[in-house]
Amino acid sequence: MSNVILDVQKLEVTFKTPAGVVHAVNGISFDLREGETLGIVGKSGFGKSVTMMSLLKLIPSPPGKVRDGKALYFGEDLITMSNVQIRHVRGSQISMIFEDPMTSLYPVLTVGLQLEEPLILHLGMTLNRARERAAELLSMVGIPNAKDRLNDYPHQFSGGMRQRAMIAMALSCSPQVVIADEPTTALDVTIQAQIMDLVRHLRDELGMAIIWITHDLGVVAGLGQRVLVMYGGFIIEEAPVKELFANPLHPYTLGLLGSLPRVDAKSHHRLVSIDGLPPVLYEKPNHYPFAPRCKYAIERCWQDNPPLMTLGPQHKAACWVDAKTGKAYQHG
Amino acid sequence: MAEENVLLRVENLVKHFPIQQGIIVQKQIGAVHAVDGISFDIYEGETLGLVGESGCGKSTTGRTILQLFRPTSGSVRFDGVDLIHLRGRELRLRRRKMQMIFQDPYASLNPRMTVGEIVGEPLLIHNVARGSEIEDRVANLLEMVGLNPYFANRYPHEFSGGQRQRIGVARALALQPSFIVCDEPISALDVSIQAQVVNLLEDLQKEFDLTYLFIAHDLSMVRHISNRIAVMYLGIIVEPADRDELYLEPLHPYTQALLSAVPIPDPVADATRERIILTGDVPSPVNPPSGCRFRTRCPISETICAEQQPDFREVKAGHFVACHFAERYLQKSLANYMERR
């Protein structure tokens, strides 16, 4: 197994709001290995983005607060770093691609200037050298006439091209880790396919590790190597991508897979719907957050929040019940 | 299906939005060709899925059918009556039978009205019920869509997205319509909630013999819910066909590319299938390309594509397509065809 480059331990993030304290991330642990693509799946509002933003200290504080936990990047804790220190990591070591390419580019600066900035700041390039490199980066992500397009403003780019420019920006300083936060959600399917193809290509070429946040299980199937499923601020299942789809263990993952119609479906079947509503995160749950919606829930689920348990080779799930048989596990 | 079952017939429907310039004296300098001459039938009791990328004119089509936008030209026959010349009372009378469910459940419900007022308003406007009768009907409707009738006194902000969409469905059902345009009714909802709403729509269709025009960009959901599917690109319909026919044997290169671009939630199937990745973006509908609209992104375009607009023709029973080369690769996949060339 290759080296662990990012090791997150018991991360806990809360937000203080007028309505109460929101427990967005409730003590999650995971690691990222060199060169791997880690998919994080879950519905919006379940702490996927907050987790990643807190690693880079991008959470506005207050109201946000990292209550507990460590995030060791090559042995150094990102959480306790000073603002000056983290600035050297952000963009150069760990970079981020945001969901909405329409709002994450600065509208009054040219794309060229925005691309050159990290090169000058992090790599100490001269203006001319940075300009050359920016043109190279743009053509690497498949934008034709890259040199001329550097003088364009973001509004002159289409959605797909903006996302390509964002990717170029994220890769400009050859980072070890790229965090992609729903990078294709705002795009049409044919453009999404273009972007996914591009990322696959760049990954093979440059060998960086990718954390790909999405709510679309289809996207993870096509791109991820290992998947984390999140629910209500907890990680509830972790497995290699093939294993997760072939053999989902957590009832929520099962329900999620059943609720998706497939474009290659052979026959018409009724969709499995997960009854009830997602949890409100205002109080720290003392029981298992999925219990109210789970059809397998047993007494223990209401008293005791299951930890992430190893249930197979590289396969972990947080559930007291074997969803296949509906019986409680004997261990744990 | 037999001819007499046609509920809605759309012929050569065109909707252009003018682009104007000037502050005091406005003059038209161009037009957005949102819908540019489309024809299709919807049969009684079926669901026709309309798919395409954003900006291709799907929603405009839906709204133009209901006369929420007045078409530039063409005809929309509903139950044998052409709607485009109807005005006022007569149009309102027809509208009872055709309703709409909107995309965004956060924007399509008036935040200052209670749920009871929202669902009851159509009854009031069309004068089909009054007083306590309305309350009874509203309670009934709410129950029908799986909401507690006691919710009638609450306001939309107290509900989640899925529940709000149910309110929208109840409102659409209030006048007992026979035809409902569902304009991306689930794309604003969370995946686990989407299935709930889709199941509800299917149940209601069975119970009340509803006919749906289901507009969406999610091809897998459209495949799930529709009987027939029409694929739209830049203001025109490029390929309408039966559901399975379209997915198993897509003939238009755009349909094939679109299908191959949809992620499949199964890493094994996803890794083995053919992928056709289109280059470039959708051209602007202000200046659509000459000839075939898809030619700028088409992997197999030839000179004829720029010169002539392809005929919209029936290649197989019930399977129409607008591509010059549809017959040539009728039996082969596009990838094969590209290889042979």
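## Overall fold, sheets, core and chain contacts

Chain A folds into 11 helices and 14 strands. The radius of gyration of chain A is 21 Å, close to the 20 Å that the globule rule gives for 332 residues, so chain A is as compact as a globular protein of that length. Along its principal axes, the C-alpha trace of chain A spans about 65 × 50 × 45 Å. Of the 332 residues in chain A, 46% are buried. Contacts that reach across the sequence are well represented too: among the contacts in chain A with a separation of 6 or more, 64% link residues that are 24 or more positions apart.

The model is predicted, and it is helpful to ask how confident the predictor is in each part. The mean pLDDT of chain A is 84, and 96% of its residues reach 70 or more. Within chain A, confidence is lowest in strand 14 (residues 327–328), where the mean is 73. The highest confidence in chain A falls in strand 3 (residues 37–41), at 91.

A good place to begin looking at the strands is an open sheet in chain A. Four strands form this sheet in the order 2-1-4-5, with antiparallel pairing. Its edges are strand 2 (20–33) and strand 5 (76–77) of chain A, each of which pairs on one side only. Further in, strand 1 (residues 4–17) and strand 4 (residues 64–73) of chain A are joined by 8 bridges in the antiparallel sense. To find one of these partners by eye, start at E12(A): its bridge partner in strand 4 of chain A is D68(A). In general, the strands of a sheet pair through backbone hydrogen bonds, either parallel or antiparallel.

Chain B offers another antiparallel pair to explore. Here, strand 1 (residues 6–21) and strand 2 (residues 27–43) of chain B are joined by 13 bridges. Q20(B) stands opposite Q28(B) in strand 2 of chain B. These two strands make a hairpin with 5 residues between them, and in this hairpin G22(B) takes a positive phi near 105 degrees.

Away from the strands, the nonpolar core deserves a look. In soluble globular proteins, nonpolar side chains tend to be buried together. The largest nonpolar core in this model has 180 residues, and those with the most contacts inside it are V177(A), I211(A), F214(B) and V231(B). Helix 6 (residues 159–171) of chain A brings the largest share of this core, with 7 residues. On the chain B side, F214(B) touches T47(B), L48(B), G49(B), L50(B), C182(B), V222(B), I225(B) and S226(B), leaving aside residues up to four places away in sequence.

M140(A) is a useful residue for thinking about burial. It lies in helix 4 (residues 127–140) of chain A. M140(A) has 19 other C-beta atoms within 10 Å, so it is partly exposed, since a residue needs 20 or more to be buried. M140(A) and I167(A) are 27 residues apart in sequence, and their C-alpha atoms are 10.0 Å apart in space.

Finally, the two chains meet: 37 residues of chain A are in contact with 34 residues of chain B. On the side of chain A that touches chain B, helix 7 (189–206), helix 8 (217–223), helix 9 (241–246) and helix 10 (251–258) each supply at least two residues. Helix 7 of chain A gives the most, with 6 residues. By class, this side of chain A has 17 nonpolar, 12 polar and 8 charged residues.

How values were computed
Residues are numbered from 1 along each chain as its sequence is written. Chains are lettered from A and ligands numbered from 1 in the order in which they are written. This is a predicted model: local features need pLDDT of at least 70, side-chain atom pairs count only at pLDDT 80 or more; totals for chains, interfaces and linings use all residues. A nonpolar core is a set of buried Ala, Val, Leu, Ile, Met, Phe, Trp, Tyr and Cys residues joined through C-beta atoms within 7 Å. A residue is buried if 20 or more other C-beta atoms lie within 10 Å of its own, exposed if 12 or fewer, and partly exposed in between; C-beta atoms are placed from the backbone. Two residues are in contact if their C-beta atoms, placed from the backbone, lie within 7 Å. Two strands pair if DSSP finds at least two bridges between them. Ala, Val, Leu, Ile, Met, Phe, Trp, Tyr, Cys and Pro count as nonpolar, Asp, Glu, Lys and Arg as charged, and the others, Gly among them, as polar. The radius of gyration is taken over C-alpha atoms; the globule rule is 2.2 Å times the number of residues to the power 0.38. pLDDT is the predictor's confidence in each residue, from 0 to 100.
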